[in-house]
Amino acid sequence: MPAFAQPLGAVISGPLLPFHSVSRLHPVQPKCEFHLARQADSAWREVIRPWLAGPAAALRRDWVIVPTRGQAHALKLRCVREGLPLLGVEFLTPGLARQKWTALAPPPAPALGRELLLFGLRALIEQRLAPLASDDPAWGFWKSLQSDPGRALDDFDSLLLAGFTAADFPLAPLREIFGELAAWVAATGYGLAPAQSLAAGLTPPTADAPRLSGRLLICGLGAESWPEFFSLAALARRSDDLTVVLPEPELRGAKAPDESWVELWSALLGTEPRLSSADESTPSCAAVGALWTRDGGSAERARLLVGHTRADEMQLVAHELARLLRAGAENIAVIFPRADAAHLRLGHLLEARQIPFNDLLETAGAPAIDAQLQRALLAFYERGARLEELLDLWPLLHALNFVNQPAGAARDVCERVFDETQTHALAANLAPLIASDRDEWREVARVAALLLPTWPTEFTLSDALDRFEAVGAKFHLAPVEAWPALRSLATRETRLLPARVIFATMASFFPDKSPAVAAPGRGRFAPVTLTTRRRAAGVAWSHTIFVESNAGVWPARAEASCWLTDEQRRALNGRSRFSLGLFTGEDHAALEKQSFADLARDTRDQVVFSAALFDEEEPELRLTPNAWVERVLIAQGGTAGLEAAFTRQAVTAVAPTGGAVPFLPWLEIWRRRRHPAATFDEHFLSGPPAVTRPARLAARLIERGVRDPAELWFGAVLGLQRTGWQPLVRARKKSLGQIAHRLLAGALRGAPVEGVFRAKPAAGDARANLAAALVALRPQWPRDRYWDSFHAELGELAAVLLEKVYALPAGNFVAVEARLPAAVIPLGAGETLAVTGRMDLVLLDQPSWRGAQVDIVDFKTGADDKLSAGRMARGASLQLGIYLAALASAGAAGGRVWLLKPSGAATSLEMIELPLALASLAQIGRHLASGCYGALTPDRTEFSHGYEWPLACPPVGHAVLAKKFAATFGAPAETEETSDE
């Protein structure tokens, strides 16, 4: 029986003969050719080009399988250049080849994808962990596997692809759990893709089995494609016209993976390979590759570019590409180790220089906003439906116009409600959110009601999908496109499972990136190609540039996992059915090293290396050349000192200046901003007053603006609000103060009289109201000693302040938490300003502002000192004076403001003292009139708190700011810090 008609295992189950000694057998195909090519040009000239230009008597579908889409693009480009038509030719990668043979011979069960296999593995790990205590020796093993299930699953795939099974795992626990995983896959009606490919590749099709229409060409696949071998074999068995051309292996004496790779194909095809002739007249940079892979070689065709920084390096590469193109280079490969910042920078430089290029790296952007919201919603439930996760959701909801309040307003609401309830759980905060009558609170309550209830700790996969789709519908989100496979599994897997297992599986189906929109260099035929080593291999290039050629960047050694070590892999390979088995770290390194050398061999004119002395991200760490560049430096005469030779070649690239904005004016602006004798100008928190002057200001913002006018600029002029993203933290004093304010407001809110005015309740009634509110408040907190002490301190605090209210000589009408009426305050020189604000408590002798004697009461639970006109003039408690002045403009006949603290006597300031107390408002008037604000911001330290410069603004020292302020407006007012916790 011909070899190709036999099971492949019968041919290669024992030791294989060397590939040049295999007897020529006759495959069942009408045509089967097997070629080995030393160079990419040889493969193109003798096999690929004649095959593509083959008989065209009838239009048919032909198939070309290449390692990656990079080789497909390169072959298409070469066909375009040489006028070779590609009508009816389709290029495939090994992953797409599987789709072709499964369409011809469907497996008995659909293959389960990696994400769903991880789901099954995580569920099995949870079962192992459930009965174990943390001091059990097995607990540590399973927790380690739980933290890295993906790596263990990769090892399982490697075993299956090499012809092994779960029973071949060296560790008994892994044999058991992966055996159970395979059984679970079968029980749910699915199959394992590697096992299906292995069976299809080893079993010949029947005579009446469907065949692949048209010709099939497999080219350029090296030993690194061993994991795809059986899938390719399954398709090759179903082709009637097959041509295979592989790279000729290096004969190193000992049997290497690339030699065994050829033996596998020879056994599969049942024929000896034909060696393509090498054209000695074709120039090649093989000697540059030989510098790295073996003794000898030459650096004659090598060139080295070294920049002081990575940015300089990319400038040098862009300049070199322009030079090569002017010299006639027609096909240049720029090899990156990965898509990174250097790759993006080079792309922008080439676009700016109008150098045409094709980008084959996987440049990606952020996922669509809908996908980001879906991922954030899942994280919300996974982390326990907390206030912090609600704040993470808010910017995404705002971007979709689902909420009208900015993130800063939502953060303020969450901070306030957290200070009251002292719990992170959103469900525990829903009641106070709903009870509020403020718009921003109602908005947060609306979103919270849509998100709740919290999900349980165990549920079925189907239940989880239903819950998430219901939540998505509330936020008008489309169903997840990748979830049909998950839905299909949910109909077969109906067990109650831990939530973290299901959450991890659901999260894996959300895209974490999306294709970059309108990225330069996409889908083009150009003389410059930005690519990776694997996508450039097996292609003929005129020039190759290896960028980022620093030690530690590439080559990077692939380390085996702890679940299947290199030693264990070698032991398994000793009893493998095939001449290739499990690759070790050394095998991967050798294959990668040879692949780089082959790239140099397939380069006609020159190999260029680029590197950097420093990386901008770590400017104090000096970079060194990698091993290949070291060999190039030695060959170029750098034996006296590699480091010195490398450093001597470093240059600082100069960016093109054409059309650039001159730097000197900006340098002068930068210096003036930091010069203590220079006044604040239009480049320092200034603008035309007709544009910058706000129509009204909040009293609290005016107080902060006296201490630092920068707060006035950012908060009032620009309307910016600082949004914190740190976790919510309990602050006992702050919470006590806020809750005490609310309790006092409720206790003093008597019977309605007119508008915001109410009758002041009798002292006994107010005490009873306060006591009832305290009793109703206690159940919302846990029953422990901390909350007992908190409640006791809160009750004492509120009771003392209530008694002090009734000790004041004031009227019998109250306005509780009342907003200022339409009123203005004087700014000096006849100027006035409309103000807004909310007062804790106002006591009046009549239910009207006009003609009333008013006593404004402010409760302070922090460390504020007594109230005085002098201190208010320096900014302390200035908002109280603003309240009194505003009520005076609204018609109040007289009055005072009171500062009540739990300890100490009450202090007050009368209306007659306002001219002195509000003296600092004249400075606010100058800011508004001139449009120039400046700043008095304190220096940032690790102990600083309160307002600071935005991180995007380089700070200026406080001492410099004070001198600039004095030069602009005169000596700044002496300010005082207040502490109201």
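## A guided tour of the predicted chain

Begin with the whole chain in a cartoon view, where 39 helices and 28 strands can be found; helices (H or I, at least four residues) and strands (E, at least two) are DSSP runs, numbered from the N terminus. The radius of gyration of the chain is 38 Å, well over the 30 Å that the globule rule gives for 981 residues, so the chain is more spread out than a compact globule. That radius is taken over C-alpha atoms, and the globule rule is 2.2 Å times the number of residues to the power 0.38.

Before selecting anything, keep in mind that this is a predicted model, in which local features need pLDDT of at least 70, side-chain atom pairs count only at pLDDT 80 or more, and totals for chains, interfaces and linings use all residues. Residues are numbered from 1 along each chain as its sequence is written, and side-chain values use heavy atoms, with hydrogens and water left out.

**The whole chain**

Show the C-alpha trace, which spans about 115 × 70 × 55 Å along its principal axes. If you then switch to a surface, the accessible area of the chain comes to about 43700 Å², with 56% of it belonging to carbon and sulfur atoms; such areas come from the Shrake-Rupley method with a 1.4 Å probe, and for residues only the protein chains shown count as cover. Buried residues make up 50% of the 981 residues, where buried means under 20% relative accessible area, exposed over 50%, and partly exposed in between (1.4 Å probe, protein chains only). Among the contacts with a separation of 6 or more, 79% are between residues 24 or more positions apart, a contact being heavy atoms within 4.5 Å.

**Helix α25 and R601**

Next select R601, which is found in helix α25 (residues 585–601), and display its side chain. R601 is buried, at a relative accessible area of 10%, and its side chain reaches the backbone oxygen of R38 at 3.0 Å. Add R38, Q39, E250, S284, C285 and A286 to the selection, since R601 is in contact with these residues when its neighbours within four places in sequence are left aside.

**The loop before α34**

Move on to D784, in the loop between α33 (763–777) and α34 (785–806). D784 counts as partly exposed, with 31% relative accessibility, and a polar atom of its side chain lies 2.9 Å from the backbone nitrogen of W787.

**Two cis peptide bonds**

Select L452 and P453 together, and look at the peptide bond that leads from one to the other, which is cis with omega near 15°; P453 is found in the loop between α19 (439–451) and β11 (458–459). Then go to W554 and P555, which are also joined by a cis peptide bond, here with omega about -5°. P555 is placed in the loop between β15 (541–546) and α24 (566–573).

**Two residues with positive phi**

Finish with Q354 and A385. Q354 is not a glycine, yet has a positive phi of about 60°, and the loop to look in runs between α14 (341–352) and β9 (357–359). With 71% relative accessibility, Q354 counts as exposed. A385, in the loop between α15 (369–382) and α16 (387–399), is another residue other than glycine with a positive phi, near 55°, but A385 is buried, with a relative accessible area of 1%.

How values were computed:
Polar contact = N/O pair within 3.5 Å; in protein donor to acceptor, adjacent residues only side chain to side chain.
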